[in-house]
Amino acid sequence: LFAGASAFVPASTPKATTSLSETKADLEVLAKGLNPTIGFYDPLNLAENDLWGQGNEEFTIGWLRQAEIKHGRVAMAAFVGYVVQSNFHFPWAQTLAGAAHPSIDLSPEAQWDAVPLGAKWQIFFVISMLEMWDECGGGYLPHYTNGRKPGQYPKFDVFRDNVHFVLDLYDPFGFNKNMSEETKEKRLRAEINNGRLAMLGIFGFLSADKIPGSVPALSGIAIPYSGEPMNPFEGQFSYFS
């Protein structure tokens, strides 16, 4: 992990990549495909912002599209995790010392609070490494604000060739390598819609647990939580203490 930066530079000719820059007009077309009823909806005019003074519409839209897809993926994982944590207790030990996983009698938020601080740091370290790999394009892709396909996570080819074997996050066994571009686009649109729904879903769960009665449809299953859902290290670590 701490090999020199040169280890991540491909020794051979970089793979050919397709540069894709999108404009507000492209967003309007995409919005119709995602939800024909609502269509393009941008009340804050985010698509017309000049993020970080780049003076570049493609930069702003590339950043916004990547952010939405990424947040949607995280929300889908969080939603599934919430449901699993609420109904299934992992039978194996959580720590090397033999401590068990938190009981499902606790809300998922309270279960997270019960995770040891060291385990949380390990999780955040892995997330940080994945973020760094995304930002550097895996050593061969352009940045997502500079023409990369929205949502495209780089393969680990450079890491595999120079450090050690690791599976890719997307299609690790190559089942979709012959998939048509049309099918990929259709699946990406489905993923965006599912991600949007998951973002609403997971915040619905969090709201129902934190503010009893705020989500009437969940009042029968919500478990009251008195902590702070937006503070992952509550009671364990703080920059301000």
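**Helix α4, a pocket and a cavity**

The buried residues of α4 (buried being under 20% relative accessible area with a 1.4 Å probe and protein chains only) are K120, W133 and D134. They lie on the same side of α4, because they cover an arc of only 150° around the axis, the arc being that of the directions from the helix axis to the C-beta atoms. The model is predicted, so that local features need pLDDT of at least 70 and side-chain atom pairs count only at pLDDT 80 or more, while totals for chains, interfaces and linings use all residues. Residues are numbered from 1 along each chain as its sequence is written, and side-chain values use heavy atoms, with hydrogens and water left out.

Helix α4 itself, a DSSP run (H or I, at least four residues) numbered from the N terminus, takes in residues 117-135 and has 19 residues. From its first C-alpha to its last it reaches 27 Å, close to the 27 Å expected at 1.5 Å a residue, where the expected span is 1.5 Å times one less than the number of residues. The buried residues of α4 pack against α2 (57-87), α3 (108-113) and α5 (157-162), a contact being heavy atoms within 4.5 Å. After α4 comes G137, whose phi is positive, near 65°.

Helix α2 also takes part in the lining of the second largest pocket. On a 1 Å grid over the protein atoms alone, a pocket is an open set of points with protein on both sides within 12 Å along at least five of seven lines, a cavity is a set where a 1.4 Å probe fits but cannot get out, and lining residues have an atom within 4 Å of a point. The second largest pocket has a volume of about 650 Å³, the volume being the space filled by probe spheres set on the points, which are joined across faces, edges and corners. Of the 19 residues that line this pocket, F40, Y41, D42, E68 and R196 are the closest to its centre. While α1 (24-34), α2 and α6 (181-210) each supply at least two lining residues, α1 gives the most, with four.

The structure also holds two cavities of 30 Å³ or more, and about 30 Å³ of space lies in the second largest of them. Its lining consists of E68, I69, G72, R73, M76, E191, I192 and G195, and α2 gives the most to this lining, with five residues.

Technical notes: Buried means under 20% relative accessible area, exposed over 50%, partly exposed in between (1.4 Å probe, protein chains only).
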